[in-house]
Amino acid sequence: MPAMTPPARRAVEPVVERLRREPALLNGLTAWRRVPARPAVCAPWPAGVDPRLLAALAGRGIREPYGHQAQAIAAALEGRHVVVVTGTASGKTLCYNVPVLTALLADPQARALYLFPTKALTQDQAAALDALLEAAEAELPVHTYDGDTEAEARPRVRSRARVLLTNPDMLHTGILPHHTKWAAFFRGLRYVVLDELHTYRGVFGSHMANVLRRLQRVCRFYGAAPCFICCSATVANPAQLAEGLIGQPVTVVDDDGAPHGERHILFYNPPIVDHELGIRRSPLLEGRGLAARLIGAGLQTIVFTRARVATEVLLTYLQSDAERNGWGPRTVRGYRGGYLAEERRAVERGLRQGAVRGVVATNALELGVDIGELAAVVMVGYPGTVASTWQQMGRAGRRRGSSLAVLVAGGSPLDQYIVGHPEYFFGRSPEHALLDADNPLILLGHLACAAFELPFAEGETYGGRDVAAHLALLEQEGLLHRAAGVTYWLGQQYPAESVSLRAAGMDVFVIAEEGSGRTVGKVERYAAPSLIHEGAIYLHEGQSYQVSRLDWEGRRATVAPVQVDYYTEASTSSSVEVMEERAQARAGPPEAGRGGAGIGWGAVRVTSVTSAYRKVRLFTHENLGWGMIDLPEQQMETVGTWLWFPPETAAPLVAEGVLSPEVRFDRGPNWAEMRRRARERDGCRCRHCGAPERPDREHDVHHVRPFREFGYVPGVNDHYLAANQLGNLVTLCRGCHWRADGAQMPGGALAGLAHALGNVAPLFLMCDPRDIGVVAEVRSSHTGGPTVTVYDRVAGGIGLSQQLYAIQRQVLEAAGTLVAACTCQAGCPACIGPALEQGKNTKEHVLRLVQAALE
């Protein structure tokens with residue numbers, strides 16, 4: 001086969017025209033959007049920029065900046081805090097490098113701190129800085145400082161660095177606790193750069209805000225007040241996010257003046273292979289075929305996947321395609337976390353030079369690493385947020401020439417909503433990046449770290465708030481000591497080591513690799529039963545690990561890396577108790593009066609029991625089997641928002657058969673007696689597995705014919721007598737009861753609505769679906785009616801439920817649209833969950849609930 005023309009010289013347009021003639025592709029397309037090319041909007045350089053930098057940039061062909069660059073540089077040179085919110089490849093790096101280097105070249109004592117979320121991005125930016133300084137014929141020590149920095153090199157970095165590039169974890173554990181070794185650096189700190197600001201949200205963002213509070217506290221101690229320059233992908237609330245992180249007012253720069261070439265954006269939904277269940281062909285296989293055609297046509301292509309396992313599988317497929325089609329050795333490469341730094345650099349270099357024609361990557365390449373200008377992007381699965389999707393698409397055709405971006409949808413509700421409603425995506429991003437720096441558990445951990453770094457003076461505030469009560473609590477725990485109005489650290493341990501930036505609270509489980517003992521990750525106690533039970537597949541940066549042992553008392557899970565084609569999903573039964581209602585309203589419009597559903601928001605206590613898990617095949621969502629979990633009940637105090645149907649709304653829905661008249665926990669006045677007799681008859685042993693009762697928990701008693709089928713209505717009939725006959729009762733342990741109920745318990749319209757809401761909400765909250773929990777109750781102890789509660793799956797909350805309360809109507813409408821557009825017949829995992837009520841159209845009932853809620 002003749003050698004391929006170098007990718008850089010291959011045009012996208014002929015390939016696009018061929019795609020327009022492919023019936024199989026066209027049949028699955030839900031959108032083909034052409035984004036026209038846009039010219040640059042430039043402006044003069046602001047006054048005061050160092051002439052050496054201007055000369056160096058002119059030598060690279062940059063004679064004047066884009067409009068947003070000029071605006072950001074001017075604001076930063078004036079000492080204003082700035083947040084730049086523009087597209088991928090818009091030259092955000094220049095927005096901070098120019099003012100920072102100008103200040104440092106003018107003042108030999110000035111220093112700058114650059115914070116990046118990944119090592120790859122840190123190394124890339126260090127190389128860019130060195131190249132710019134070399135072109136400017138200026139000497140300025142630029143150093144990276146992270147876990148890979150050799151111990152013998154660290155003193156030199158501390159004494160010499162004028163520009164220090166690091167990451168949040170190293171700042172948290174390796175720099176701030178040892179600030180006395182960095183005294184000269186902090187004394188001269190003029191600028192702090194926060195790149196990829198949108199990644200600092202949720203729990204991580206709440207921790208990051210406290211790390212930055214500690215940073216500014218140490219800076220004040222040394223007499224410094226640095227200016228912050230922040231850069232972010234598009235989010236709905238850039239000012240709120242930046243100000244929440246740094247605690248200072250910011251100037252927003254969002255008028256993007258950068259040019260970009262013409263871009264073709266395609267949304268593709270794989271064909272359905274099971275119409276009844278709504279199962280579609282694997283997006284991995286569809287993505288493989290599409291990527292092979294693009295690479296074979298000479299387009300340099302990047303394929304994004306959402307997990308390491310998928311990356312390696314797809315890489316294997318495409319490398320076999322390369323060998324079969326004669327593309328040449330090592331023309332298709334992989335790129336993900338876990339690769340050696342030299343391997344990643346080689347791939348980046350190969351992409352820039354054109355030797356690498358295709359790369360399969362996780363989101364490690366989503367951020368601003370320099371890989372040149374590619375022609376095509378294939379995204380296998382929705383990346384999770386609109387911001388991430390635009391970033392991944394922006395990796396192709398960055399400034400010149402046409403490019404192609406294709407989203408191949410998976411079967412999840414998020415994917416199906418996006419691909420089915422492209423207008424949602426192409427409108428302005430509705431996502432809010434949320435954090436809560438004052439989450440009590442997160443705050444307490446960082447106050448301990450701050451006290452270790454510097455004593456707290458009498459009346460000293462932290463993050464602008466009075467923390468005397470929090471310090472007193474830490475003093476009661478024996479961690480602090482107060483004398484003469486000053487509060488000192490007294491603990492024996494080094495507090496930063498016990499505060500993970502990715503978990504709320506300090507009661508966490510360590511996940512250690514079998515054999516090496518290497519720490520893979522940490523999870524909070526509340527999440528441990530569902531994430532790291534024995535047999536669980538724990539996913540970390542895309543790598544799959546299987547939990548072989550969980551030491552509950554020792555707070556330690558032992559895991560081993562595995563290559564499997566499934567993940568595990570724990571079944572948790574939860575109940576919600578409202579502790580304090582802080583707000584209430586109606587879901588419908590104000591003119592609706594007393595109609596529709598009610599909504600509320602406040603503090604809640606969630607009690608959860610995790611009793612079993614299932615194995616789910618990747619991409620197809622097939623159920624591969626079950627396993628049992630036997631762990632203690634968990635309680636968590638957090639915040640939640642609830643949607644409930646008052647009597648005037650619920651009564652007609654019950655009459656229509658949309659809502660069940662059953663009161664879930666009322667089994668009739670003789671239930672306690674009949675339950676006792678059934679247990680005694682069975683010798684207090686599980687009739688299925690023979691397990692005896694534990695001292696701390698009685699076994700359950702199960703209705704062989706479901707209780708609901710008897711039609712018992714309290715105060716109306718006595719059908720409970722037939723339902724509770726001993727012949728219809730069997731004693732089961734918790735695990736066996738869960739399996740028995742799981743096979744026959746109907747999802748119902750209320751559970752279907754909860755499923756849809758829980759899967760649509762992350763689109764608006766810019767969070768992972770696992771960051772929230774959803775509970776459906778036929779009769780809530782707080783509202784007294786059918787209720788769906790969505791809560792922050794973080795102790796104390798991080799602001800997700802409060803935001804959801806504010807946009808409840810919008811999310812309800814989106815949930816209804818998702819269900820209505822799904823092609824399944826009666827319900828599937830992509831809309832309301834599996835349809836378990838035989839003979840009923842649960843989908844129609846869910847849509848009726850949405851309609852009733854909004855009336």
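Two residues are said to be in contact here when heavy atoms of theirs lie within 4.5 Å. Keep that in mind as we walk through this predicted model, beginning with a threonine that has plenty of company.

Thr731 sits in strand 31, which spans residues 729-732. Once its neighbours within four places in sequence are set aside, Thr731 is in contact with Ala678, Arg679, Asp682, Arg685, Cys686, Arg687, His699, Asp700 and Val701. Two residues of that list also meet the threonine through polar atoms. The side chain of Asp682 makes a polar contact of 2.7 Å with the side chain of Thr731. With Ala678, the backbone takes part: its oxygen is 3.3 Å from a polar atom of the Thr731 side chain. Is Thr731 itself buried or exposed? Its relative accessible area is 0%, and because buried means under 20%, Thr731 counts as buried.

Next, let us turn to helix 3, made up of residues 51-59. Just at its start, Asp50 offers a side-chain oxygen that comes to within 2.8 Å of the backbone nitrogen of Arg52. Along the helix, Leu53, Ala56 and Leu57 are the buried residues. Viewed down the axis of helix 3, these buried residues fall within an arc of 95°, so they line one face of the helix. The other side of helix 3 has a contrasting character: Pro51, Ala55 and Gly59 are exposed there. After the helix comes Gly61, with a positive phi near 90°.

That glycine leads us nicely to backbone angles elsewhere in the chain. Which residues other than glycine have a positive phi? Ala484 is one of them, with phi near 55°, and Met766 is another, with a positive phi of about 55°. Each can be found in a loop. For Ala484, the loop runs between strand 19 (480-483) and strand 20 (486-489). Met766 belongs to the loop that connects helix 25 (748-765) with strand 32 (772-777).

Now look at how much of each residue is accessible. Ala484 has a relative accessibility of 87%, and because exposed means over 50%, this alanine counts as exposed. Met766, on the other hand, has a relative accessible area of 2%, so the methionine is buried. As you turn the model, then, you can look for the positive phi of Ala484 in an exposed residue and for that of Met766 in a buried one.

Key:
Residues are numbered from 1 along each chain as its sequence is written. This is a predicted model: local features need pLDDT of at least 70, side-chain atom pairs count only at pLDDT 80 or more; totals for chains, interfaces and linings use all residues. Side-chain values use heavy atoms; hydrogens and water are left out. Helices (H or I, at least four residues) and strands (E, at least two) are DSSP runs, numbered from the N terminus. Buried means under 20% relative accessible area, exposed over 50%, partly exposed in between (1.4 Å probe, protein chains only). The arc is that of the directions from the helix axis to the C-beta atoms. A polar contact is a pair of N or O atoms within 3.5 Å; within protein, one must be able to donate a hydrogen and the other to accept it, and residues adjacent in sequence count only if both atoms are side-chain atoms.
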